[in-house]
Amino acid sequence: METELINSLSRQEEEIPSLLSYVQSRVDGFDVIHISSSENSLSQVPEDKNATQNPMPENTNFNHHERTTSISMPSSPSLYLLEQRTNPSLHNEIPSPVNFFGLPPRKSNAEKVDPNKKTRFYSQPMETKQKSSDNVMGFDAMVTQNRMGRNHGLRDNRYDTFKTWSGKLERQISNLRGKPQELPEIARSETPQTARVPEVDRFFDALEGPELDRLKKSEELVLPENKKWPFLLRFPVSTFGICLGLSSQAILWKNLATSPPTQFLNVPLSVNLVLWCISISVLAILAVIYLFKIIFYFEAVRREYHHPIRVNFFFAPWIACLFLAIGLPPSIAHNLPHFLWYILMTPFLCLELKIYGQWMSGGQRRLSKVANPSNHLSIVGNFVGALLGASMGLKEGPIFFYAVGMAHYVVLFVTLYQRLPTNETLPRELHPVFFLFVAAPSVASMAWANISGEFGHGSRIAYFIALFLYASLAVRINFFRGFRFSLAWWAYTFPMTGAAIATVRYSIEVSNVFTKSLSVVLTVISTLTVTVLLITTVIHASVLHDLFPNDISIAITNMPSKKIRHDLYATDVESGNSGESK
């Protein structure tokens with residue numbers, strides 16, 4: 001009997017997979033083979049005439065594959081139970097299964113199945129990991145990939161380095177809208193090395209160029225290089241240079257309409273009003289955008305502030321406010337309250353105490369290290385403030401700022417002329433910043449004229465310096481060609497307009513055909529320059545969408561990358577080996 005049983009089991013194993021031969025489902029009637037009494041190839045044990053021990057009773061009910069282990073199956077009912085539900089008469093036709101292992105008889109399936117009782121099915125979740133053999137992706141993985149494709153920019157945690165509390169607020173809003181709370185990370189997590197603001201020497205090590213706006217080949221960025229960053233991260237503080245060009249035009253056309261030497265032009269004051277309204281609107285829009293950058297990406301603003309060159313542009317919005325106060329149309333107000341001047345000059349005093357102190361004893365931030373034509377912006381504010389204060393009737397305050405500005409302007413002027421021959425020259429893209437040399441002496445001449453009450457010798461000396469610098473730059477044709485448009489082009493506008501305003505003021509003291517003609521020529525040049533640049537800026541911003549590229553200057557790592565350290569180590573090893581060989 002045992003021999004025949006073994007042969008029967010061996011034949012069964014050839015027909016049924018080994019897993020299903022020894023594993024049983026926990027669901028009653030599921031994965032159970034029912035065999036009639038006439039079939040004994042698989043389930044029925046053949047008779048053994050010689051077997052007198054342990055006789056088996058006839059029609060004994062046995063279950064096939066009775067084990068306590070279960071396998072993962074799809075959560076769907078079997079066809080057998082569905083038929084039992086629809087046709088209960090099948091219960092009588094189903095014979096009892098046979099148990100091969102001599103276990104005590106159990107209740108038949110017909111006795112257990114209750115048509116009125118709901119059947120429960122237990123299953124395990126199907127595996128969704130991608131198989132390396134056939135590269136098949138599960139359904140959940142495909143859904144996750146689609147979510148990553150739709151929300152790629154929001155989910156890249158490299159931007160979290162620059163986010164402030166807005167990152168938590170953004171996640172809370174996403175949860176309220178029913179979006180998943182956490183999505184898979186697709187970039188490396190932020191580390192303390194990338195979260196901290198780099199030191200000033202780190203900017204010099206990672207960046208190159210006079211404006212420190214080009215990444216060295218051996219460096220890596222914190223943010224992705226192959227895609228466009230969020231708009232606020234690409235919006236630099238240097239954009240406020242647009243406000244300087246527009247607001248200075250409002251002052252120019254106000255002087256043309258009110259100055260006696262230019263009365264023959266019959267310029268209406270409405271031009272000054274229109275330009276003033278446009279200027280204040282642009283300043284308000286740019287200020288709101290940068291305020292959002294401060295709120296949402298404060299770390300990016302901190303990096304701009306610690307940048308040795310970019311920090312000078314933090315004077316630009318306050319200088320634009322001073323210009324708007326000077327160019328205020330008479331139809332709006334004739335006199336401004338004195339407290340307004342103190343409010344506007346307070347930011348200048350705070351910034352100058354920090355920057356001028358660093359120029360003297362700032363280590364890597366000393367003036368001989370960071371000297372650049374952009375530093376003129378930190379000087380011009382003193383002269384513009386002195387000009388506004390003197391026109392409002394103030395005495396001591398304007399003289400104080402004029403003296404501070406003149407002292408540091410002389411130092412900066414000499415430093416820029418005495419730069420070491422090994423220093424890199426400005427590339428063509430930054431040639432417009434050379435015109436900032438003209439801005440400071442032009443405004444200084446008008447400021448001293450208002451302080452002293454006349455366009456005397458001091459004012460004329462400053463004006464002639466500005467006029468000579470203007471002419472020396474204008475005759476160099478290479479300064480106006482060979483480079484693509486960028487925000488740096490707005491550096492042309494403010495100095496050109498300042499020279500035109502100073503010329504109009506000078507023509508009041510020296511009124512002749514030459515000074516009047518020079519006033520008209522400089523006015524036309526500055527107005528055309530501002531108009532062309534404004535139209536070009538709008539086209540690049542709204543049509544070409546290339547006005548704000550990725551701001552590489554703020555995306556450097558706090559520490560040198562592993563690649564750099566490896567290269568330095570290899571260099572040291574090579575130098576050591578060469579020294580030993582010698």
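Helix axes that cross at angles over 145 degrees count as roughly antiparallel. Keep that cut-off in mind for the first stop. The model on screen is predicted.

**Stop 1: helices 17 and 18**

Select residues 377–391, helix 17, and residues 396–417, helix 18. Their axes come within 8 Å and cross at roughly 155°. That angle is over 145 degrees, and helix 17 and helix 18 are therefore roughly antiparallel to each other. The crossing of the two helices is left-handed.

Now show side chains where they meet. On helix 17, pick Ile379, Asn382, Phe383, Ala386, Gly389 and Ala390. On helix 18, their partners include Pro398, Phe401, Tyr402, Val404 and Gly405. Further helix 18 residues in this meeting include Met406, His408, Tyr409 and Leu412.

**Stop 2: the whole chain**

Zoom out. The protein chain holds 23 helices and 2 strands. It has 582 residues, and 42% of them count as buried. Take the contacts with a separation of 6 or more: residues 24 or more positions apart account for 80% of them.

**Stop 3: the nonpolar core**

In soluble globular proteins, nonpolar side chains tend to be buried together. Here the largest nonpolar core has 124 residues. Select Leu233, Phe240, Leu244, Phe383, Val384 and Leu388, the residues with the most contacts inside it. Phe383 was also among the helix 17 residues that meet helix 18.

Which helix gives the most to this core? Select residues 436–452: helix 19 does, with 11 residues.

Center on Leu233. Setting aside residues up to four places away in sequence, Leu233 touches Tyr159, Phe162, Leu223, Lys293, Tyr297, Ala300, Asp551 and Ile554.

**Stop 4: helix 12**

Lys293 leads to the next selection, residues 269–296, which form helix 12. This helix has 28 residues. From first C-alpha to last it reaches 41 Å, close to the 40 Å expected.

Color its buried positions: Asn272, Trp276, Ser279, Val282, Leu283, Leu286, Tyr290 and Lys293. An α-helix has 3.6 residues a turn, so residues three or four places apart point the same way. Compare that with the spacing of your colored residues. Then show what covers them, including helix 10 (231–234), helix 11 (241–258), helix 13 (298–306) and helix 14 (316–326).

**Stop 5: Val438, from helix 19 to helix 21**

Return to helix 19 and pick Val438. Is Val438 buried or exposed? At 0% relative accessibility, Val438 counts as buried. Beyond its neighbours within four places in sequence, Val438 is in contact with Ala466, Leu469, Tyr470, Leu473, Pro495 and Ala499. Draw a distance to Ala499: the two C-alpha atoms are separated by 7.2 Å, with these positions 61 residues apart along the chain.

Next, select helix 21, residues 493–509. Its 17 residues should span 24 Å at 1.5 Å a residue, and its end C-alpha atoms are 25 Å apart, which agrees. The helix is mostly covered, with 14 of its 17 residues buried.

Stay on helix 21 and pick Thr497. Thr497 is buried, with a relative accessible area of 0%. Residues up to four places away in sequence aside, Thr497 touches Ser248, Gln249, Leu252, Ser526 and Val530.

**Last stop: Arg366**

Finish in the loop between helix 15 (338–361) and helix 16 (367–370), where Arg366 sits. At 37% relative accessibility, Arg366 counts as partly exposed. Outside its neighbours within four places in sequence, Arg366 is in contact with Gln358 and Trp359. For a final distance, take Ile355, 11 residues from Arg366 along the chain: the C-alpha atoms are separated by 9.1 Å.

Methods. Residues are numbered from 1 along each chain as its sequence is written. This is a predicted model: local features need pLDDT of at least 70, side-chain atom pairs count only at pLDDT 80 or more; totals for chains, interfaces and linings use all residues. Side-chain values use heavy atoms; hydrogens and water are left out. A nonpolar core is a set of buried Ala, Val, Leu, Ile, Met, Phe, Trp, Tyr and Cys residues joined through side-chain atoms within 4.5 Å. Buried means under 20% relative accessible area, exposed over 50%, partly exposed in between (1.4 Å probe, protein chains only). Helices (H or I, at least four residues) and strands (E, at least two) are DSSP runs, numbered from the N terminus. Contact means heavy atoms within 4.5 Å. The expected span of a helix is 1.5 Å times one less than its number of residues. Axes are lines fitted to C-alpha atoms, for helices over the stretch in contact, and angles run from 0 to 180 degrees between N-to-C directions. Angles under 35 degrees count as roughly parallel, over 145 as roughly antiparallel, 65 to 115 as roughly perpendicular and the rest as oblique. A crossing is left-handed if the near helix is turned anticlockwise from the far one by less than a right angle, and right-handed if clockwise.
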